[in-house]
Amino acid sequence: MEVKNWNLEEILAVYHTPLLELVYRAASVHREHHNPREVQISTLLSIKTGGCPEDCGYCPQAARYHTDIATNDLLSVQEVTQAAIRAQAVGASRLCMGAAWRNVKDGEEFEHVLDLVRAVNKLDMEVCCTLGMLTENQAHRLENAGLYAYNHNLDTSEDFYKEVISTRGYGDRLATLDNVRKTNITVCSGGIVGMGEAVEDRCKMLLTLAQLTPQPESVPINALVAVAGTPLEEQQPVSIWEMIRMVATTRIVMPQSTVRLSAGRTEMSTEGQALCFMAGAGSIFAGDKLLTTPNPDMHSDLNMFDVLGLQPTPAYSKAPKREPLEEEETAAEREERIRWSRPGHKIAANEAYAAAAKEVRKG
Ligand code: SF4
């Protein structure tokens with residue numbers, strides 16, 4: 001299929017199309033490339049929570065802010081397997097495991113993550129990880145363990161990124177996506193709406209994603225969940241209309257990608273979510289928590305599927321299962337040392353919240 005070469009003006013024009021016309025157009029594109037009756041149920045499981053050295057302004061897991069999340073070390077194979085089986089029993093066909101790391105480091109913890117990937121793969125679930133920045137060798141090792149997808153969000157435009165995060169650069173995100181692309185692992189990358197960015201930032205992010213070759217197989221669209229103690233705690237919730245616009249624009253700009261309606265669904269009515277599905281959202285994250293933030297309970301999601309006549313998408317409907325290779329074949333090849341960037345520019349809100357958290361810890 002020929003991929004359209006978008007520019008920013010065209011994406012902005014799509015975003016600003018009158019809403020019902022936009023939804024109609026997105027729904028038409030969705031029907032050309034996807035089964036509109038199916039929505040994939042995915043589960044996001046935090047396998048290592050909190051204590052992260054990064055300063056993402058939206059994230060309660062950043063060690064430098066004072067939030068009330070309960071931290072935990074890496075979950076065991078048994079804990080993850082049980083969570084996966086529970087999710088599968090209610091229709092989930094993908095498990096995404098998240099670890100609050102800046103980047104993956106070779107060693108015991110990474111070896112353990114590879115075991116977790118093998119265990120979930122055995123259950124015939126699509127297994128996805130989000131572990132921070134990743135070298136090419138680490139991507140290959142995850143591929144050999146049977147990883148199906150790697151999530152690494154761009155979050156927003158390159159310009160606005162500098163106002164939210166100072167501990168790494170946009171180029172690192174793109175380099176990680178590039179490393180994943182050198183394997184057969186599918187790419188999952190999207191963003192967050194409602195951090196104070198302009199519409200232009202949202203569309204610039206979509207442009208960057210649309211210019212990846214090939215475009216990401218998955219594009220999660222999150223609404224910011226403002227968590228107390230994080231620099232973005234005062235942000236007002238984004239309106240459902242903006243979410244619908246963002247989903248629809250993503251669908252039109254990247255017709256083949258699965259658009260994933262991700263964080264922020266607790267603020268959305270069934271009617272609002274229905275319009276998102278109409279506009280091309282092909283997946284939700286289910287379970288009562290998304291890493292650390294609240295999410296609708298499974299019962300209400302299943303009820304919503306029932307009301308809307310939706311079916312959960314089966315596993316491996318977009319790309320075949322990856323069979324893990326034998327241990328000998330995946331023997332650790334030690335990685336060239338990559339120096340991920342540390343821009344270190346000052347973000348006033350991040351600094352103020354980190355300083356306040358320091359005081360709380362002292363006190
Ligand atoms: S979003 Fe990820 S990298 Fe950023 S602070 Fe949270 S856990 Fe760390």
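Is Asp 124 buried, exposed or partly exposed? Asp 124 comes out as partly exposed, because 13 other C-beta atoms sit within 10 Å. On this scale, 20 or more other C-beta atoms within 10 Å make a residue buried, 12 or fewer make it exposed, and anything in between is partly exposed, with the C-beta atoms placed from the backbone.

A quick word on what you're looking at. This is a predicted model, where local features need pLDDT of at least 70 and side-chain atom pairs count only at pLDDT 80 or more, while totals for chains, interfaces and linings use all residues. Residue numbers start from 1 along each chain as its sequence is written.

**The chain as a whole**

The chain has 12 helices and 12 strands; these are DSSP runs numbered from the N terminus, with helices being H or I of at least four residues and strands E of at least two. The radius of gyration is 19 Å, which agrees with the value near 21 Å for a compact globule of 363 residues. That radius is taken over C-alpha atoms, and the globule rule is 2.2 Å times the number of residues to the power 0.38. The C-alpha trace spans about 50 × 50 × 40 Å along its principal axes, and 47% of the 363 residues count as buried.

**The core**

The largest nonpolar core holds 92 residues, and Leu 95, Val 117, Tyr 150 and Val 247 touch the most other members. Such a core is a set of buried Ala, Val, Leu, Ile, Met, Phe, Trp, Tyr and Cys residues joined through C-beta atoms within 7 Å. Helix 9 (residues 240–253) gives the largest share, seven residues. Setting aside neighbours within four places in sequence, the contacts of Val 247 include Ile 221, Val 259 and Leu 261; a contact means C-beta atoms, placed from the backbone, within 7 Å.

Phe 277, in helix 10 (residues 270–278), is buried, with 23 C-beta neighbours inside 10 Å. Beyond four places in sequence, Phe 277 is in contact with Val 39, Leu 308 and Leu 310.

**Helix 1**

Helix 1 (residues 8–15) has Ile 11, Val 14 and Tyr 15 buried. Down the helix axis, the buried residues of helix 1 fall within an arc of 100°, so they line one face; the arc is that of the directions from the axis to the C-beta atoms. Glu 9 and Ala 13 are exposed on the other side. The buried residues of helix 1 pack against helix 8 (199–210) and helix 9.

**Around the ligand**

Cys 52, Glu 54, Cys 56, Cys 59, Gln 61, Ala 62, Ala 100 and Gly 132 surround the ligand, each with its C-beta atom, placed from the backbone, within 6 Å of it. This shell divides into five nonpolar, two polar and one charged. Here Ala, Val, Leu, Ile, Met, Phe, Trp, Tyr, Cys and Pro count as nonpolar, Asp, Glu, Lys and Arg as charged, and the others, Gly among them, as polar.

**Backbone oddities**

Two residues that aren't glycines have a positive phi:

| Residue | Phi | Loop |
|---|---|---|
| Asp 124 | about 65° | between helix 4 (108–122) and strand 3 (126–130) |
| Tyr 316 | about 60° | between strand 12 (311–312) and helix 12 (348–362) |

Tyr 316 is partly exposed, with 15 other C-beta atoms within 10 Å. There's also a cis peptide bond from Thr 213 to Pro 214, with omega near -10°. Pro 214 sits in the loop between helix 8 and strand 7 (218–223).

Methods: Contact = placed C-beta atoms within 7 Å.
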